[in-house]
Amino acid sequence: MMRPPSPRGSGTAGRGPGLTGEPDDRAVGQILRAGVKSTLARWVLRRRKDRGAVPVPTPQDEATHAWDGQPRFVEDYTFVGAQAGLGVVLRLEWLPGRQSQRVWVVILRPDGVWTPQGGLRLVRIGGGSRWAAGGLTLDCQAPFQRWSVRYCGPLIGQGRRPSARRLRLVSDDEDTVRGSVDLTFVSEAPPYVPGIDDDPELVARRLGEATWDARLWRATRDVGLRGYVQLGQLLGTVAVGDVLVPVRAMSLRQHHWGLRDWEACEEAYRCAWMTEDERRGWLHHTRRPLLTRDGGFVAHRGRVAPVRSLSSTAEIRPGRAPARIGLTFGDVDGTRRLQTELVSEFGLVVDRARIDLGLLRITGRAPGWGIWAGLRPDRPER
């Protein structure tokens with residue numbers, strides 16, 4: 001059953017007139033306060049942008065950044081790709097406060113998932129490159145234009161293994177095969193900075209809905225995590241055992257650095273997608289106790305525009321990624337809805353947060369494929 005997100009607000013606005021009129025007064029007060037806060041938020045965002053408080057990414061930002069001494073400092077380089085019947089997630093993280101690097105390699109097919117043991121590898125920092133660890137090597141060939149992404153190492157089929165003819169289910173629980181990835185990321189749009197390049201009216205509305213206090217005010221002034229995402233293509237091959245898969249996939253790459261606290265999120269998701277009507281996009285949603293952030297963009301025939309609204313429904317499965325997800329967003333061409341079903345998934349726990357990665361099939365009049373990443377705290381059931 002498709003379930004919408006929990007409604008925001010106190011719920012008094014829908015009760016109708018009472019004997020004293022108090023519920024209506026309270027609802028009107030909430031609307032007025034939200035409007036004032038949204039106006040203030042617009043002013044804050046405009047001032048920050050005008051003053052250059054959040055600099056535009058430069059080619060130098062493609063390199064790694066200096067550690068600020070925070071134990072939870074993370075710098076990540078992430079590449080995801082989706083095409084018919086195949087999804088890939090490749091991520092290299094630098095964790096100087098923990099003297100380590102973390103490598104993610106996830107290959108998703110409708111009939112199997114292949115990863116290193118446990119889904120990721122933790123490697124102690126040595127004297128080598130920050131862009132190479134655990135068999136994964138990244139190389140920036142041209143800033144904001146072209147990257148090479150290579151992996152060579154063991155992969156474990158999660159309850160399945162590849163056949164020489166095709167990737168299919170068999171009965172081995174842990175079948176280790178040799179895996180290799182040889183891909184090139186080619187950009188199709190300039191870098192996009194979440195929160196800054198997102199639609200200002202959407203950002204202001206979410207700030208207007210938030211519970212404002214000193215902590216939220218600090219959050220609007222200080223950004224603990226900086227970075228950008230970029231739309232492009234992944235071209236090359238992926239090999240699992242003796243099966244070689246040509247890749248020409250929609251791709252989104254991410255580069256972020258700074259303090260990351262996944263555990264503080266109540267829920268979050270990211271979705272990169274493409275459809276047969278030549279549309280591609282990236283949508284993001286993060287809900288924290290004090291503030292919800294929504295945003296993303298849609299690209300169509302060379303035009304990239306931020307989404308103006310975003311909502312979702314999901315067919316919930318306890319302890320797993322949703323089986324079906326509906327995403328409704330507004331862009332310059334009107335309101336659109338993506339109906340998706342999860343055809344392959346892999347879940348892992350990272351820094352006390354549960355992350356579900358999935359390959360999405362988009363159904364409807366404009367079918368397509370996408371990559372889903374959902375996040376929630378990994379808290380014990382009570």
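**Exercise 1. The β20–β21–β22 strands**

Find the hairpin of β21 and β22, and work out which residue in its turn has a positive phi.

*Solution.* Start at the turn: 2 residues separate β21 from β22, and Asp351 is the one with a positive phi, about 50°. A word on the model before going on. It's a predicted one, where local features need pLDDT of at least 70, side-chain atom pairs count only at pLDDT 80 or more, and totals for chains, interfaces and linings use all residues. Residues are numbered from 1 along each chain as its sequence is written, and side-chain values use heavy atoms, with hydrogens and water left out.

Next, the vocabulary. Strands (E, at least two residues) and helices (H or I, at least four) are DSSP runs, numbered from the N terminus. Two strands pair if DSSP finds at least two bridges between them.

Now walk along the pairings. β21 (residues 334-350) and β22 (residues 353-363) run antiparallel, with 11 bridges; Leu342 has Leu360 as its bridge partner in β22. On the other pairing, β20 (residues 324-331) is joined to β21 by 8 bridges, again antiparallel. There, Gly330 is matched with Thr335. β20 and β21 also make a hairpin, with 2 residues in between.

**Exercise 2. One residue on β21**

Take Arg336 and describe its surroundings: is it buried or exposed, and what does it touch?

*Solution.* First, place Arg336: it sits in strand β21. Second, check the surface. Buried means under 20% relative accessible area, exposed means over 50%, and partly exposed is in between (1.4 Å probe, protein chains only). Arg336 has 26%, so it's neither buried nor exposed but partly exposed.

Third, list the contacts (heavy atoms within 4.5 Å). Leaving out residues up to four places away in sequence, Arg336 touches Arg279, Leu327, Thr328, Phe329 and Asp331. Finally, look at Leu310: 26 residues separate it from Arg336 in sequence, and the C-alpha atoms are 9.8 Å apart.

**Exercise 3. A covered strand**

How many residues of strand β3 (residues 86-95) are buried, and which way do they point?

*Solution.* Count first: 10 of the 10 residues in β3 are buried. Then split them by direction. Leu86, Val88, Leu90, Leu92 and Trp94 point one way, while Gly87, Val89, Arg91, Glu93 and Leu95 point the other way.

Now add the flanking strands. β2 pairs antiparallel with β3 through 9 bridges, with Glu75 opposite Trp94. In their hairpin, Gly85 has a positive phi near 80°. β4 (residues 100-109) pairs antiparallel with β3, also through 9 bridges, and Gly87 is opposite Leu108 there. The hairpin of β3 and β4 has 4 residues between the strands, and Gln99 takes a positive phi near 50°.

Last, look for charges over rings (NZ of Lys or CZ of Arg within 6 Å of the ring centre and within 35 degrees of the ring normal). Arg91 sits over the face of Trp104, 5.0 Å from the ring centre. Over the ring of Trp94 you'll find the charged end of Arg130, 3.7 Å from the centre.

**Exercise 4. Ring against ring**

How many aromatic pairs turn up in the whole structure?

*Solution.* Set the rule: rings of Phe, Tyr and Trp (its six-membered ring) pair if their centres lie within 6.5 Å; planes under 30 degrees apart are stacked, over 60 edge-to-face, and the rest tilted. That search gives 12 pairs. One of them is Tyr269 with Trp372, stacked at 4.9 Å centre to centre and 20° between planes. Tyr269 is in β15 (residues 267-275) and Trp372 in β23 (residues 368-377), so this pair links parts 103 residues apart in sequence. Both residues are buried. Elsewhere, Tyr77, Phe79, Trp131, Trp147 and Phe185 make up one aromatic cluster.

**Exercise 5. A histidine and the cysteines**

Find the polar contact of the His285 side chain, then count disulfides.

*Solution.* His285 is in strand β16 (residues 279-287). It's buried because its relative accessibility is 8%. Its side chain makes a polar contact with that of Asp294, at 2.6 Å. That term covers N or O atoms within 3.5 Å; within protein, one must be able to donate a hydrogen and the other to accept it, and sequence neighbours count only if both atoms are side-chain atoms.

For disulfides (cysteine sulfur pairs within 2.5 Å), the count is 0. Cys140 is buried at 18% relative accessible area, and Cys271 is buried at 1%.
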